[in-house]
Amino acid sequence: MPDVSWKWVITGTVAAVAAAVAAARVKRVLGNPFAPADPFAQAEKELDTRDRALREEHPDTAALRHRAHYLSEIGDLAGAVEISEQLLAERVRALGEDHPQVLTTRHNLANLRGRSGDAAGAAEAFERLALDMQRVHGADYIYTSQARRAAARWRQEADGG
C-alpha cells in the first residue's frame, strides 16, 4: 500500500463531506416549491460555491483545527484561542462570513475565550454570533438559540453573577 499522508486523508474526507452537504442543498433547492423560477440555476450556484470553497480552503486548515483542540485538551487555552483565531481567519477568507463552518468556528472560539478567563470577550463574541445566526438561519434556528443562551451565560459571569 502506498504511503498516504494524513493531510491528504483529512483533505479527502473534508471534500467528501462538503460534496454530501452540497448534494443535500441541491436536492433541497430542486425539491422546494418556493424556490426561484429557475431552480437549476440555484442548484448550479450551490455547486459553484462548494467547488470554490474546496479549491480555496488550504489543506492545513484541518491541522489548525486539530491543533486548537489538542491545546484546549492539554489546558493551553491561550494557545488554543490563538490557533482558533488563525483558523477563523483562514475559513473566512476561503468560505465567507456566513458559511456554517465559519459560524461553528466562531462559536468554538467564543467558548474558548470564556474558558480562558475572558468572560466579557466570550459574551460579546456570542452576542455578535447570535445576531449573525439569526440573520443567516432565522430566530428559531437551534444554534441561534444556543448562541443567545451562551451570550447570556458569559455576560452573567462577566458581570460577577
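## Buried or exposed

A residue counts as buried under 20% relative accessible area, exposed over 50%, and partly exposed in between, using a 1.4 Å probe and protein chains only. The model you are looking at is predicted, so local features need pLDDT of at least 70 and side-chain atom pairs count only at pLDDT 80 or more, while totals for chains, interfaces and linings use all residues. Residues are numbered from 1 along each chain as its sequence is written, and side-chain values use heavy atoms, leaving out hydrogens and water.

## The chain as a whole

Let us start with the overall picture. The chain has 7 helices and 0 strands, where helices (H or I, at least four residues) and strands (E, at least two) are DSSP runs numbered from the N terminus. Reading along the sequence gives the pattern α-α-α-α-α-α-α.

Of the 161 residues in the chain, 30% are buried. The accessible surface is about 10000 Å², and 55% of that area belongs to carbon and sulfur atoms; areas come from the Shrake-Rupley method with a 1.4 Å probe, and for residues only the protein chains shown count as cover. A contact means heavy atoms within 4.5 Å. Among contacts between residues at least 6 apart in sequence, 53% join residues at least 24 apart.

## Helix H3 and Thr 61

Helix H3 covers residues 61-73, and Thr 61 belongs to it. The expected span of a helix is 1.5 Å times one less than its number of residues. For the 13 residues of H3 that gives 18 Å, which agrees with the 19 Å between its end C-alpha atoms. After H3 comes Gly 75, with a positive phi near 95°.

Which residues of H3 are buried? They are Thr 61, Ala 62, Leu 64, Ala 68, Leu 71 and Ser 72. Thr 61 has a relative accessibility of 2%. Leaving aside neighbours within four places in sequence, Thr 61 is in contact with Leu 87, Glu 90 and Arg 91.

## Val 102 in helix H5

Val 102 sits in helix H5, residues 100-115. Its relative accessible area is 0%, so Val 102 is buried. What does Val 102 touch, not counting residues up to four places away in sequence? The partners are Leu 88, Arg 91, Val 92, Leu 95, Gly 96 and Glu 97. Arg 91 is thus touched by Val 102 and is also in contact with Thr 61.

Glu 90, another contact of Thr 61, is 12 residues from Val 102 in sequence, and their C-alpha atoms are 9.3 Å apart in space.

## Salt bridges

A salt bridge here is a side-chain nitrogen of Lys or Arg within 4 Å of a carboxyl oxygen of Asp or Glu. By this rule there are 7 salt bridges. In one of them Arg 113 pairs with Glu 85, with the closest N and O atoms 2.9 Å apart. Arg 113 lies in helix H5 and Glu 85 in helix H4 (residues 77-95), so this pair ties together parts that are 28 residues apart in sequence. Both partners are partly exposed: Arg 113 has a relative accessible area of 22%, and Glu 85 has 35%.

Another salt bridge joins the side chains of Arg 106 and Asp 132, at 2.7 Å from N to O. Because Arg 106 lies in helix H5 and Asp 132 in helix H6, the pair links parts that are 26 residues apart in sequence. Arg 106 is buried, with a relative accessible area of 15%.

A salt bridge within helix H6 pairs Arg 128 with Glu 124, their closest N and O atoms being 3.0 Å apart. These two are 4 residues apart in H6, so about one helical turn separates them. Arg 128 is partly exposed at 45%, and Glu 124 is partly exposed at 45%. Through shared partners, salt bridges also join Asp 98, Arg 106, Asp 132 and Arg 135 into one network.

## The tyrosine pair and its patch

Where is Tyr 141? It lies in the loop between helix H6 (119-137) and helix H7 (142-158). The whole structure holds 1 aromatic pair. The rings of Tyr 141 and Tyr 143 have centres 5.5 Å apart and planes at 70°, so the pair is edge-to-face. Rings of Phe, Tyr and Trp (its six-membered ring) pair if their centres lie within 6.5 Å, and planes under 30 degrees apart count as stacked, over 60 as edge-to-face and the rest as tilted.

Tyr 141 is partly exposed at 30%, and Tyr 143 is partly exposed at 44%. Together with Ile 142, these tyrosines make a nonpolar surface patch of about 290 Å². Patches are made of residues with over 30% relative accessible area and no salt bridge, joining like charges within 9 Å and nonpolar side chains (Val, Leu, Ile, Met, Phe, Trp, Tyr) within 5 Å.
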